[in-house]
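I opened this notebook to keep track of what I looked up in the structure, entry by entry. I start with how helices lie on the sheet, and then turn to unusual backbone geometry and one acidic side chain.

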Amino acid sequence: MDSGFDEKFMRLALELAKKGCGKVNPNPLVGAVIVKDGNVIGSGYHTRYGNLHAEREAFASLTDPGDAQGADLYVTLEPCCHYGKQPPCTEAILEHKIARVFIGSSDPNPLVAGKGVKLLRSHGIQVTEHMLKAECDRLNEVFFHYMKTKRPYVVMKYAMTMDGKIATASGKSRWITGEIARRHVHEDRNRYMAIMVGIQTVLKDDPMLNCRLEGGRNPVRIVCDSCLRIPEDSQLVKSAGEIPLWIAAVQPETDSGKAERLKAAGCRILYVDADENCHVDLKKLMELLGQEGIDSILLEGGAQLHESALRSGIVNKVQAYIAPKLFGGKEAPSPLGGSGVDAPDEAWLLSEPVITGLGPDLLLESEVIYPCLQES
Ligand code: AOF
Ligand code: ZN
């Protein structure tokens, strides 16, 4: 069998894995395909946190469980070999007498981490690792980061014109990109567990920050609001009973009663230490959110918070949506505020971007490659 043929089945497993987007966090997205004599005889994916793993879903889809004997299994992540919410997938693979296993990514979970592969090999199963590894790894960048650091994977997102403006000089920003790009943002609001903005964005735009995809999941909404300035009649507070709203603030010296009123409205207040500028210390906030089980955050502005986030080393990926338009205007804002860097050689460096066309607009995605303080 040539390798192009094998990759076709791994690609199918990848497509299946993506169906778990927004439902499996903080678990990985995993897809599995069972192939015999060149035909797909079973397939499955991890559908929801706590549910069956992809491999067992694939076995459950077989017409006759005996059909898997001597078959090949393509799975996007190394099969687990431990008891968690689910029993080990390696056991199911052995029980079904699979002959060969093709794997995309290795599982960084210390309970697995190579032990799954070893166990399969020790039972005479032929294992091929790293098939379409780059694609499989990219699919689970959140899981890998969270498993390693116990802090959320942060994606900094903004939409700008080709002259680098995120709003006009008078502050209007609806809309910069077209419908297809905006739909992509909602797919990400479904995919990432939380969305975070600064208080300035709330005061200026009064956003809802929900996911408007049919069947989509609303992210936990987080506002960085050191002094608890959030208006009690804002859309965010008014909807806090239905969609989680967490406010990250610095504990005030005197209690004005606002915190109690916000809590009564359904908000959750997370008190975090202040940084040297008396703002919420973002690194500490990430630690806290990681402990709360938040594996990923879509950071949607504004410019001030973006720059602070980069400066504190918490940003993993940048998503720049670029619309073929020009706004002009000396006072029109750009995606990063603050004081920025002084010299070009002090720039925050990004990896070579992955470019996606979204109708008339472009999406550029790059990893931040400064020494990531979170991982040190
Ligand atoms: C797989 N296939 O589909 C998934 C895997 O608590 P549990 O039992 O769901 O275990 C979660 C861990 O199992 C998770 O951290 C990761 O290491 C692995 N997830 N493994 O072989 C799957 N979802
Ligand atoms: Zn498993």
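**Helices on the sheet.** In this predicted model, I looked up helix α11 (residues 282–291) and found that it lies across β6 (153–161), β7 (194–198), β8 (220–224), β9 (245–249), β10 and β11 (296–299), running at about 125 degrees to β10. I then turned to helix α12 (residues 303–311), which packs on the sheet and touches β6, β7, β8 and β11, with a direction that makes about 140 degrees with that of β6. Which residues of α12 are buried? I listed A303, L305, H306, E307, A309 and L310, and noted that these buried residues pack against β6, β7, β8, α11 and β11. Just after α12, G313 takes a positive phi of about 80 degrees.

**The sheet itself.** I traced an open sheet of 9 strands with mixed pairing, in the order β10-β9-β8-β7-β11-β6-β12-β14-β13. Because β10 (268–271) and β13 (354–358) stand at the edges and each has a single partner strand, one side of each is left without a neighbour in the sheet. From one strand to the next, the twist averages 25 degrees. At the β13 edge, I found 5 bridges to the antiparallel strand β14 (residues 361–367), and L358 stands opposite D361 in β14.

**Backbone geometry.** I kept in mind that most residues other than glycine have a negative phi, and that most peptide bonds are trans. Where are the cis peptide bonds that I noted? One runs from N25 to P26, with omega near 0 degrees, and P26 sits in the loop between α1 (3–18) and β1 (31–36). Another joins G301 and G302, with omega about 0 degrees, and G302 belongs to the loop between β11 and α12.

I also noted D206, which is not a glycine yet has a positive phi of about 45 degrees; D206 lies in the loop between α8 (199–205) and β8 and is partly exposed, at 30% relative accessible area. L228 has a positive phi near 55 degrees and is found in the loop between β8 and α9 (235–238), where, at 12% relative accessibility, L228 counts as buried.

**D107.** I closed with D107, in the loop between β4 (100–105) and α4 (115–122). D107 is buried but has no salt bridge, and the nearest side chain of opposite charge, K115, is 9.7 Å away. A polar atom of the D107 side chain does lie 2.8 Å from the backbone nitrogen of N109. Leaving out residues up to four places away in sequence, D107 touches L77, E78, V112, A113 and F143.

Notes. Residues numbered from 1 in each chain as written. Chains lettered and ligands numbered in written order. Predicted model: local features only at pLDDT ≥ 70, side-chain atom pairs only at ≥ 80, totals over all residues. Heavy atoms only, no water. Helix = DSSP H or I, 4+ residues; strand = E, 2+ residues; numbered from the N terminus. Buried < 20%, exposed > 50% of the residue type's maximum accessible area, 1.4 Å probe, protein only. Lys, Arg positive; Asp, Glu negative; His and termini not counted. Salt bridge = Lys/Arg side-chain N within 4 Å of Asp/Glu carboxyl O. Polar contact = N/O pair within 3.5 Å; in protein donor to acceptor, adjacent residues only side chain to side chain. Contact = heavy atoms within 4.5 Å. Pairing = 2+ DSSP bridges. Axes fitted to C-alpha atoms, helices over the stretch in contact; angles between N-to-C directions.
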